[in-house]
Amino acid sequence: MVAIKAHQAHAFLQAPPASLVAVLFFGTDPGLVSERSAVLARTLAQRENPPGEILRLDDTDVDQTPDRLETELQMRPMFSSRRIVRAIAGRRIAAAMLKPLLSGAPLEGFLIVEAGNLKPDDALRALFEKNPACAAVACYPDTEADIENLIQETLAPFSLTIGMDARMLLQSRLGADRALSRAEIEKLALFCTGREQITLEDVETIVGDAADLALERIAEAVAEGRTKAAISDFGRALASGESAEAVIAITQRYFLKLHKVRGDVDAGQRLDDALKSLRPPLFFKQRDAFARQVRGWAAPQLNQALKRIAETAKTARLSPTQRDVHTERLLLALGSMAAAASAAAQRR
């Protein structure tokens, strides 16, 4: 199967060839990789009767059960007609593991692999581009035209117009990550519901920079103790060209925000009022998770976390070649602290 270029991806997802057994999504936009992977999985599942079963796996699953991926793809499900496996590429789920699987007996299931940016000669990319039963789909940041279409598509159900100045500012803050761009436009539309037009002031107040928001997902995951997700997103961020220092900075900013709201609550303010005071405001889909984190983390624990973040930032500056390692250790430590904070909150 020939490689699917970025501009061909939409048409490919509309009608994926029935002869395919596996597809690789890769590129510098992790949100777009994930979004397209999810779209293809749903499309394939809905083709089946009864609908196919969608399963997600990553290196942790394979570490625990080395033959898990092969077993899932070779086994016919009991209650569905086909299993669609979405696998996150990493240390274990790589070309060496997948090559014998894709060149062996026909698969009962369908494999979708999500990866970061891959060079043309990368072994994983080459494996999918050269196998006639596979496809490799490039996922790079949206062009100006893509962002314009996304804005129109997302705002349409809200019956909102947007001024030219506001549109230009909105476009400048989107594009680093498709999923986050869509979420930011939805947040803006909900904020402006009941009005006819979105203004420049609305965009300035509501919409954050998409690149920073993509990294903030790492901080959000680790603050809730979802360490596995945080480490996975960190790896994808590095593969997309982000720096470890940027991840540390965003994590520090996120924990400072938690610390502020926790302090306001400890001073007697209602949690809802403390959350509403944040600027830019939280997206409604983030609000429940952030509120849980505020309840779970006590002020002394947040102080300890901020101290650990500051120490890691200093260490990373002094040892540039080890920045990635130090940052990963920080995320692991914060995830462990989140679990301890949650346990302590349940005892309070």
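Q: Which residue does D264 meet in a salt bridge, side chain to side chain?
A: This is a predicted model, so the contact is a computed one. The N to O distance for the pair is 2.9 Å, and a salt bridge needs the nitrogen within 4 Å of the carboxyl oxygen. The partner of D264 is K260.

Q: How many residues apart are D264 and K260 in helix α13?
A: Both sit in helix α13, residues 244-266. They are separated by about one helical turn, because their spacing in that helix is 4 residues.

Q: Is K260 buried, partly exposed or exposed?
A: Its relative accessibility is 39%. Buried means under 20% and exposed means over 50%, with partly exposed in between. So K260 counts as partly exposed.

Q: Which helix holds the residue that forms a salt bridge with R167?
A: R167 pairs with E148, and their closest N and O atoms are 2.6 Å apart. R167 itself lies in helix α8 (residues 164-172), so the bridge ties together parts that are 19 residues apart in sequence. E148 is in helix α7.

Q: Is E148 buried or exposed?
A: The cut-off for buried is under 20% relative accessible area. E148 comes in at 18%, and its partner R167 also has 18%. That makes E148 buried.

Q: How far apart along the chain are R182 and E35?
A: Their side chains meet in a salt bridge at 3.4 Å, N to O. R182 is in helix α9 (residues 178-191) and E35 in helix α2 (residues 30-47), so the pair links distant parts of the chain. The separation is 147 residues.

Methods
Residues numbered from 1 in each chain as written. Predicted model: local features only at pLDDT ≥ 70, side-chain atom pairs only at ≥ 80, totals over all residues. Heavy atoms only, no water. Helix = DSSP H or I, 4+ residues; strand = E, 2+ residues; numbered from the N terminus. Buried < 20%, exposed > 50% of the residue type's maximum accessible area, 1.4 Å probe, protein only.
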